[in-house]
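Me: I should like a close look at one part of this predicted model, namely its cysteines, followed by a connected account of the pocket and the charged pairs.

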Amino acid sequence: MLLGCDFSSAPTARKPIRLARGQAVEGGVALQGLESFTTLEAWCRWLADTPAWVGAFDLPFGLPRELVERLGWPTEWRALLAHYATLDRRHIREAFAAFCMARPAGAKFAHRATDGPAGSSPSMKWVNPPVALMLHAGVPRLVAAGAALPGLYTPAGTVTRIALEGYPGLLARELIGRRSYKSDDAARQTDERRRARADLLDALERGSARLGLRLVLTEAQRTLLVADARADALDATLCLVQAAWAAARRDIGRHGWGLPAEIDPLEGWIVSA
């Protein structure tokens, strides 16, 4: 099974974690269904109870090495994750804010090597978007669900669950440029953004992305994805396409899954960047 996940560190009924399920088809990936989870525990349990999957998850899997070394935290990924999981969110915000305050304007945040090619936010950001808190909430639960994180972590025993770091914005920009296609603010959920979602799905269905995969949808699925002004389900579907691209490259290269040969084993990498 292929998965794409639009993640929230504090899911609610109004804004749940969304999961897109799919399967590989010739030349692409077919969307089979969408799941919603209003608690982190329900999401983790579903992943643990599903015996085999390859998924791309829209949350960072690592922190910038520069940040970790400056804070004196463990520089081995598993030890860092264990340390990070013991911290509460207030401690994380305070530690990262102090790091930023000590740096010059225009260079407040530390970045991972993957941020440049992916165009992603630094994984230490705690607001707008709070990706540091997403890492804190999500990655320990991926490990608890029995997932391997290629390039970073492999559990003992037979591995049947593969978690990759996805980023829907990377694929969306390749297809529709910088056009905005979503908003959580009802006042900004415009016809222009709706048209951008429709154009994005048109491009995905044509298979015109650099990834060379077409998305196969039913008419009902397409209608639902265009109508979702928050685009959480659409972002999960974009991650599903990234997961399909990676799954086709599972045995290629040092790490497999379409990942570069050289990855910082503390920071990780965004698939297809």
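How many disulfides does a search of the whole structure find?

Reply: The search of this predicted model finds zero disulfides. A disulfide is a covalent bond between the sulfur atoms of two cysteines. The sulfur of Cys-5 has its closest cysteine sulfur in Cys-239, at 7.3 Å, which is too far for a bond. From the side of Cys-239, the closest cysteine sulfur is that of Cys-5, again at 7.3 Å and too far for a bond. The cut-off for a disulfide is a pair of sulfur atoms within 2.5 Å, so the 7.3 Å between Cys-5 and Cys-239 does not satisfy it. Cys-5 is buried, at 0% relative accessibility, and Cys-239 is likewise buried, with a relative accessible area of 0%.

Turning to the pocket, the largest one has a volume of about 1,100 Å³. Its lining comprises 37 residues, of which Asp-58, Pro-129, Tyr-167, Lys-182 and Asp-235 are the closest to the centre. Helix H6 (131-144), helix H7 (168-176) and helix H10 (232-247) are the elements that each give two or more residues to this lining. The greatest contribution comes from H7, with four residues. Sorted by class, the lining of the largest pocket holds 13 charged, 13 nonpolar and 11 polar residues.

The charged side chains also form salt bridges, of which the structure holds 18. One of them joins Glu-35 to Arg-21, with the closest N and O atoms 2.8 Å apart. This pair links distant parts of the chain, since Glu-35 lies in strand E3 (residues 28-37) and Arg-21 in strand E2 (residues 17-25), 14 residues apart. Glu-35 counts as partly exposed, at 21% relative accessibility.

A salt bridge in a buried setting is that of Asp-115 with Arg-112, at 4.0 Å from N to O; both of these residues are buried.

Arg-179 and Asp-199 form a further salt bridge, at 2.9 Å from N to O. Here too distant parts of the chain are linked: Arg-179 is in the loop between H7 and helix H8 (191-206), whereas Asp-199 is in helix H8, 20 residues apart. Both partners count as partly exposed, Arg-179 at 37% relative accessibility and Asp-199 with a relative accessible area of 32%. Finally, Lys-15, Asp-184, Arg-230 and Asp-232 are joined into one network by salt bridges that share partners.

Definitions and conventions: Residues numbered from 1 in each chain as written. Predicted model: local features only at pLDDT ≥ 70, side-chain atom pairs only at ≥ 80, totals over all residues. Heavy atoms only, no water. Buried < 20%, exposed > 50% of the residue type's maximum accessible area, 1.4 Å probe, protein only. 1 Å grid on protein atoms, 1.4 Å probe; cavity = no way out; pocket = protein on both sides within 12 Å on 5 of 7 lines; lining within 4 Å. Points joined across faces, edges and corners; volume = space filled by probe spheres on them. Nonpolar A, V, L, I, M, F, W, Y, C, P; charged D, E, K, R; others polar.
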